[in-house]
Amino acid sequence: DSVEELSSLILQSLSKTNEELNSILLAAELNIDHQKVTGAIRSLLAHEGLISTKDVSEKRIQLSEEGLDMANHGSHEYKLFMTVGVNGVSQKEVQALPFAKVGIPKAMAAKWIGTVKEGNDVKLVQKIAPESVLDKVGELLKQIKLGSKFDDKEMADLKKRKLVSEVVIKGFLVGKGSKFSTEISKPELDLTAEMIQNKTWTDKTFKKYNFDALGVEPPSGHLHPLMKVRSEIRQIFFQMGFSEMPTNRYVESSFWNFDALFQPQQHPARDAHDTFFIEGLLRSQKYKYNWKEEEAQKNVLRTHTTAVSAKQLFLLAGEGKNAYRPAKMFSIDRVFRNETLDATHLAEFHQVEGVIVERNLSLAHLIGIFTEFFKKLGIENLKFKPTYNPYTEPSMEIFAYHEGLRRWVEIGNSGMFRPEMLLPMGFPPNVNVAGYGLSLERPTMIRYGINNIRDLFGPKVDLEMIQKAPICRLDKTS
Ligand code: PHE
């Protein structure tokens with residue numbers, strides 16, 4: 001009874017009559033599971049116009065396991081009666097049988113059996129001839145199993161004995177459809193030019209469009225979450241009137257990375273533990289006082305994007321020729337530090353950098369800019385703390401209250417560039433430059449709920465994460 005066989009049987013039955021076919025009766029007739037019949041009907045419904053259906057439901061009496069056993073082998077009392085026999089059996093012996101517990105009292109009540117005393121023992125014996133015993137319960141259950149219906153009175157005792165229960169079966173009344181046929185034709189999937197030309201399309205069935213089907217995902221690249229956050233932050237800076245600095249060169253001379261920023265040549269941060277020096281490009285230069293040009297010529301992978309800012313400031317000031325104009329510039333790009341890797345440290349990470357060039361600027365302006373910028377990122381709880389940088393004075397660190405971690409976290413460093421740095425570049429004395437460096441990874445980790453920086457960036461990143469990461473809207477969070 002495969003679905004195909006059952007389906008064609010249903011179609012054959014329908015073709016022979018104009019009456020509707022009841023799935024529940026059909027299942028009983030065929031002595032198969034009703035669900036198999038409804039399955040076959042559902043498969044026929046997939047062919048448009050082949051059959052029509054109406055819902056029907058029927059209360060059904062269902063046999064319990066015990067009830068089914070009785071329908072097949074007789075009731076407990078009947079089995080007991082047959083076991084006892086005309087000569088009788090010791091009551092003790094009978095009590096060991098599985099049907100005795102219910103069978104003995106029932107058979108006694110029906111007056112089929114009785115007890116006789118034999119010395120100290122009690123014997124059970126048949127009281128009437130086997131020909132005159134009718135196993136009413138067993139017969140009733142057998143009829144129920146075959147699908148006959150009985151009135152409530154007859155059912156009450158069986159229900160009480162938990163031999164039967166009532167269930168509602170949901171089925172179909174099946175009739176012929178507008179395009180009824182006993183043959184199932186496969187519907188056409190495409191309407192072709194030929195079908196239109198020779199008009200054969202008129203007597204063809206077409207497969208219905210499934211408008212709910214999901215399309216095939218087009219193969220495409222996916223932006224890394226960091227890049228999505230970067231473009232968010234870029235948009236915020238553009239809104240605030242900043243322009244972008246070119247940061248496409250990872251290799252800088254030590255001069256722009258350190259010397260222009262008054263980072264002393266003997267400074268520990270300059271040594272090989274923190275900086276990736278680029279080999280093979282060293283040229284021997286003369287010493288100048290304490291300062292070695294040779295040291296400044298050494299190429300490094302930039303340790304901060306402030307190297308770019310310094311060079312941009314020099315260009316902005318007219319390369320020493322005092323051709324200053326006001327500017328607000330930012331950059332977001334990669335920096336390199338020779339650090340021990342852990343959950344919060346990478347040797348390559350990203351900085352969000354900026355400089356503001358204007359007359360009579362102060363830290364107050366910088367605080368104003370941070371307040372606005374971080375508000376757009378969804379961070380409103382800020383604290384500023386004095387700090388030291390060789391190239392800025394005053395300098396301040398920026399802290400934000402992290403609701404998740406329930407503590408203040410450092411999110412950036414900033415300050416007013418020192419005149420020792422600005423004057424030689426060619427800026428007039430009353431022009432001030434404010435600068436800052438922020439992290440790109442930190443807000444990204446917070447926004448995407450990533451606890452280990454290595455899950456966000458680097459060789460251990462899961463490509464699925466990149467594919468599935470939603471677009472980030474920083475300003476929609478708080
Ligand atoms: N370069 C600093 C850092 O890497 C940030 C900074 C930039 C501070 C500009 C002041 C001015 O932390």
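Me: Which residues does L313 touch, not counting residues up to four places away in sequence?
Reply: In this predicted model, L313 belongs to the nonpolar core that is the largest, a set of 51 residues, and it is listed there with V355, M421 and V433 among those with the most contacts inside the core. In soluble globular proteins, nonpolar side chains tend to be buried together. Leaving aside residues up to four places away in sequence, the residues that L313 touches are V355, M425 and V433.

Me: How many residues does the second, separate core have?
Reply: Besides the largest nonpolar core, which has 51 residues, there is a second one that is separate from it and includes L14, I24, A40 and L50. The size of this second core is 15 residues.

Me: Which strands stand at the edges of the open sheet of seven strands?
Reply: The sheet is open, its pairing is mixed, and its order reads β7-β12-β13-β17-β16-β15-β14. A strand at an edge has a single partner strand, so one side of it is left without a neighbour in the sheet, and the strands placed in this way are β7 (243–244) and β14 (382–389).

Me: Do β7 and β12 run parallel or antiparallel, and which residue of β12 is the bridge partner of E244?
Reply: Strands of a sheet pair through backbone hydrogen bonds, either parallel or antiparallel. Here two bridges join β7 to β12 (residues 327–336), and the two strands run parallel. The bridge partner of E244 in β12 is F330.

Me: What angle does the direction of helix α11 make with that of β12?
Reply: Helix α11, which covers residues 225–239, packs on the sheet and touches both β12 and β13 (348–359). The angle between the direction of this helix and that of β12 is about 165°.

Me: Over how many bridges do β16 and β17 pair?
Reply: Strand β16 pairs in the antiparallel sense with β15 (residues 392–402) over nine bridges, and one residue of β16, S414, is the bridge partner of M396. With β17 the pairing is also antiparallel, and G412 stands opposite L438 in β17. The number of bridges between β16 and β17 is five.

Me: How many charged residues does the shell around the ligand have?
Reply: The residues that surround the ligand are H304, T306, N389, T392, N413, S414, G415, G435, Y436 and G437, and β16 (407–417) and β17 (431–439) each supply at least two residues of this shell. By class, one residue of the shell is nonpolar and nine are polar, while the number of charged residues is zero.

How values were computed
Residues are numbered from 1 along each chain as its sequence is written. This is a predicted model: local features need pLDDT of at least 70, side-chain atom pairs count only at pLDDT 80 or more; totals for chains, interfaces and linings use all residues. A residue is near a molecule or strand if its C-beta atom, placed from the backbone, lies within 6 Å of it. Helices (H or I, at least four residues) and strands (E, at least two) are DSSP runs, numbered from the N terminus. Ala, Val, Leu, Ile, Met, Phe, Trp, Tyr, Cys and Pro count as nonpolar, Asp, Glu, Lys and Arg as charged, and the others, Gly among them, as polar. Two strands pair if DSSP finds at least two bridges between them. Two residues are in contact if their C-beta atoms, placed from the backbone, lie within 7 Å. Axes are lines fitted to C-alpha atoms, for helices over the stretch in contact, and angles run from 0 to 180 degrees between N-to-C directions. A nonpolar core is a set of buried Ala, Val, Leu, Ile, Met, Phe, Trp, Tyr and Cys residues joined through C-beta atoms within 7 Å. A residue is buried if 20 or more other C-beta atoms lie within 10 Å of its own, exposed if 12 or fewer, and partly exposed in between; C-beta atoms are placed from the backbone.
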